[in-house]
Amino acid sequence: MDDKNRMLRRKIVVAVQATDYQDTQAWSDLDLLSTSTQIDTVETFENEIRFEGDQFQGPLTWYVVLRYGMNTDDPLETSESFPGTFHGRVVDSEPVIDDMTVDTSSFHGEIADHDASDF
């Protein structure tokens with residue numbers, strides 16, 4: 001990987017980390033999981049970012065804290081992680097994150113389409 005490509009990938013990772021997660025579709029899905037959902041961190045994978053022209057995409061992992069019964073004497077708190085993706089584009093040599101998604105099907109006991117085996 002050349003230095004220019006490596007620097008762009010690093011810029012994309014920084015842009016993903018700087019995104020206001022509450023403005024993404026992923027937040028809508030994560031917020032439904034508990035009374036009080038908190039994003040702990042979002043892990044991106046620099047080497048797995050793929051480009052098509054000025055568009056890019058890559059996988060990520062959401063690490064969240066789910067809290068239930070916050071108004072009770074015995075609240076429950078648990079940590080979970082969920083896979084997701086991000087999509088964006090390069091504008092004037094700077095990455096712009098257009099969308100971040102999350103797959104919460106494992107939380108609901110569903111099998112995601114990409115996890116289902118073909119018989």
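**View 1. Phe56 and its partner across the strands.** In this predicted model, Phe56 sits opposite Gly88, a residue of strand 4. The two strands to look at here are strand 3 and strand 4, which pair in the antiparallel sense over 14 bridges. Phe56 also has aromatic company: together with Phe51 and Phe86, Phe56 makes up one aromatic cluster.

**View 2. The hairpin of strand 4 and strand 5.** Follow strand 4 to its end and you meet a hairpin, with 2 residues between strand 4 and strand 5. In that turn, Asp92 has a positive phi of about 50°. How many bridges join strand 4 and strand 5? There are 8 bridges, and the pairing is antiparallel. One place to see the pairing is Thr85, whose bridge partner in strand 5 is Thr101.

**View 3. Helix 1 and its two sides.** Helix 1 covers residues 3-18, and its 16 residues should span 22 Å at 1.5 Å a residue. The end C-alpha atoms are 22 Å apart, which agrees with that expectation. Which residues of helix 1 are buried? They are Leu8, Arg9, Ile12, Val13, Ala15 and Val16. Looking down the helix axis, these buried residues fall within an arc of 160°, so they line one face of helix 1. Turn to the other side of the helix and you find Asp3, Lys4, Met7, Val14 and Ala18, which are exposed.

**View 4. What lies over the buried residues of helix 1.** The cover over these residues includes strand 1 (36-44) and strand 2 (50-52). Strand 3 (55-68), strand 4 (76-91) and strand 5 (94-102) are also included in that cover.

**View 5. Aromatic pairs, starting with Tyr21 and Trp62.** The model holds 4 aromatic pairs. In one of them, the ring centres of Tyr21 and Trp62 are 5.3 Å apart and the planes meet at 75°, so this pair is edge-to-face. Tyr21 belongs to the loop between helix 1 and helix 2 (25-31), while Trp62 belongs to strand 3, so the pair ties together parts that are 41 residues apart in sequence. Are these two residues buried or exposed? Tyr21 is buried, with a relative accessible area of 14%, and Trp62 is buried at 0% relative accessibility.

**View 6. A second edge-to-face pair, Phe82 and Phe107.** Here the ring centres lie 6.3 Å apart with the planes at 70°, so Phe82 and Phe107 are edge-to-face. Phe82 is found in strand 4 and Phe107 in the segment after strand 5, so the pair ties together parts that are 25 residues apart in sequence. Phe82 counts as buried at 1% relative accessibility, whereas Phe107 is partly exposed, with a relative accessible area of 33%.

**View 7. Stepping back to the whole chain.** The protein has 2 helices and 5 strands, and along the sequence they follow the pattern α-α-β-β-β-β-β. Its C-alpha atoms fill a box of roughly 55 × 40 × 20 Å along the principal axes. Of the 119 residues, 34% are buried. The accessible surface comes to about 7,800 Å², with 45% of it belonging to carbon and sulfur atoms. Among contacts between residues at least 6 apart in sequence, 57% join residues at least 24 apart.

Note on methods. Residues are numbered from 1 along each chain as its sequence is written. This is a predicted model: local features need pLDDT of at least 70, side-chain atom pairs count only at pLDDT 80 or more; totals for chains, interfaces and linings use all residues. Side-chain values use heavy atoms; hydrogens and water are left out. Helices (H or I, at least four residues) and strands (E, at least two) are DSSP runs, numbered from the N terminus. The expected span of a helix is 1.5 Å times one less than its number of residues. Buried means under 20% relative accessible area, exposed over 50%, partly exposed in between (1.4 Å probe, protein chains only). The arc is that of the directions from the helix axis to the C-beta atoms. Contact means heavy atoms within 4.5 Å. Rings of Phe, Tyr and Trp (its six-membered ring) pair if their centres lie within 6.5 Å; planes under 30 degrees apart count as stacked, over 60 as edge-to-face and the rest as tilted. Accessible areas come from the Shrake-Rupley method with a 1.4 Å probe; for residues, only the protein chains shown count as cover. Two strands pair if DSSP finds at least two bridges between them.
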